[in-house]
Amino acid sequence: MCGCSENKINLSSIKIYTFMGTYKAKLDSGVSVKNGFIIEWAVATQEVLAHAYEELGMTDVIEKISTTKTKDEPKKATKKKKSGKESSDSKE
């Protein structure tokens with residue numbers, strides 16, 4: 001037996017992870033192995049990166065870029081747009 005049944009990936013969780021954010025590898029070449037899971041950095045898909053980040057805890061080599069807001073994330077400051085119209089009295 002190869003023990004392949006131990007390396008199952010929960011696809012529904014992976015789809016949720018990829019919906020909630022995108023993942024960026026900090027490495028662009030080479031191969032890493034963790035708990036029997038092999039990652040080829042040059043061709044790693046979002047699903048592979050999501051599994052490695054969320055399930056295997058490889059946060060030191062993968063960056064998560066959130067695409068959704070959660071309650072615990074700080075809000076970004078928004079700038080008010082200035083109107084392009086100035087009073088014509090000051091230009092005369």
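User: Does glutamate 54 count as buried, partly exposed or exposed, and which is the right term?
Analyst: In this predicted model, glutamate 54 has a relative accessibility of 27%. Buried would require under 20% and exposed over 50%. Because 27% lies in between, glutamate 54 counts as partly exposed.

User: Which residue does the side chain of glutamate 54 meet in a salt bridge?
Analyst: A search of the whole structure finds one salt bridge. In the salt bridge of glutamate 54, N and O are 3.1 Å apart. The limit for such a pair is 4 Å. The partner of glutamate 54 is lysine 64.

User: Where do the two residues of the salt bridge between lysine 64 and glutamate 54 lie, and how many residues apart are they?
Analyst: The salt bridge joins the side chains of lysine 64 and glutamate 54. Lysine 64 is in strand S4, residues 62-66, and glutamate 54 is in helix H2, residues 46-54. The pair thus links distant parts of the chain, and its separation is ten residues.

User: What is the relative accessibility of lysine 64, which counts as partly exposed?
Analyst: Partly exposed covers the range between the buried limit of 20% and the exposed limit of 50%. Lysine 64 falls in this range because its relative accessibility is 33%.

User: How are the helices and strands of the chain ordered from the N terminus on?
Analyst: The chain has two helices and four strands. Helix H1 covers residues 11-20, and strand S1 covers residues 21-25. From the N terminus on, the order is α-β-β-β-α-β.

User: Are the rings of tyrosine 23 and tyrosine 53 stacked, tilted or edge-to-face, and which term applies?
Analyst: The count of aromatic pairs comes to one. The ring centres of tyrosine 23 and tyrosine 53 are 5.5 Å apart, and their planes stand at 55°. Stacked needs an angle under 30 degrees and edge-to-face one over 60. The angle of 55° fits neither, so the pair is tilted.

User: Which elements hold tyrosine 23 and tyrosine 53?
Analyst: The two tyrosines are 30 residues apart and link distant parts of the chain. Tyrosine 23 counts as buried, at 4% relative accessibility. Tyrosine 23 lies in strand S1 and tyrosine 53 in helix H2.

User: Which side chain does serine 32 join in a polar contact?
Analyst: Serine 32 is part of strand S2, residues 31-34. Beyond its neighbours within four places in sequence, serine 32 is in contact with residues including Leu27, Phe37 and Met58. The polar contact is 2.8 Å long, and the side chain on its other end is that of tryptophan 41.

User: How far apart in space are lysine 26 and tryptophan 41, C-alpha to C-alpha?
Analyst: Lysine 26 is in the loop between S1 and S2 and counts as exposed at 53% relative accessibility. In sequence, 15 residues separate lysine 26 from tryptophan 41. In space, their C-alpha distance is 8.8 Å.

User: Which residue that is not a glycine has a positive phi of about 55°?
Analyst: The residue lies in the loop between S2 and strand S3, residues 37-40. Its relative accessible area of 62% is over the 50% limit, so it is exposed. The residue is asparagine 35.

User: Which residues form a nonpolar patch on the surface?
Analyst: One member, phenylalanine 19, lies in helix H1 and is exposed, with a relative accessible area of 64%. Together the members have about 320 Å² of accessible area. The patch is formed by Ile16, Phe19 and Met20.

Definitions and conventions
Residues are numbered from 1 along each chain as its sequence is written. This is a predicted model: local features need pLDDT of at least 70, side-chain atom pairs count only at pLDDT 80 or more; totals for chains, interfaces and linings use all residues. Side-chain values use heavy atoms; hydrogens and water are left out. Patches are made of residues with over 30% relative accessible area and no salt bridge: like charges are joined within 9 Å, nonpolar side chains (Val, Leu, Ile, Met, Phe, Trp, Tyr) within 5 Å. Accessible areas come from the Shrake-Rupley method with a 1.4 Å probe; for residues, only the protein chains shown count as cover. Buried means under 20% relative accessible area, exposed over 50%, partly exposed in between (1.4 Å probe, protein chains only). Rings of Phe, Tyr and Trp (its six-membered ring) pair if their centres lie within 6.5 Å; planes under 30 degrees apart count as stacked, over 60 as edge-to-face and the rest as tilted. A polar contact is a pair of N or O atoms within 3.5 Å; within protein, one must be able to donate a hydrogen and the other to accept it, and residues adjacent in sequence count only if both atoms are side-chain atoms. Contact means heavy atoms within 4.5 Å.
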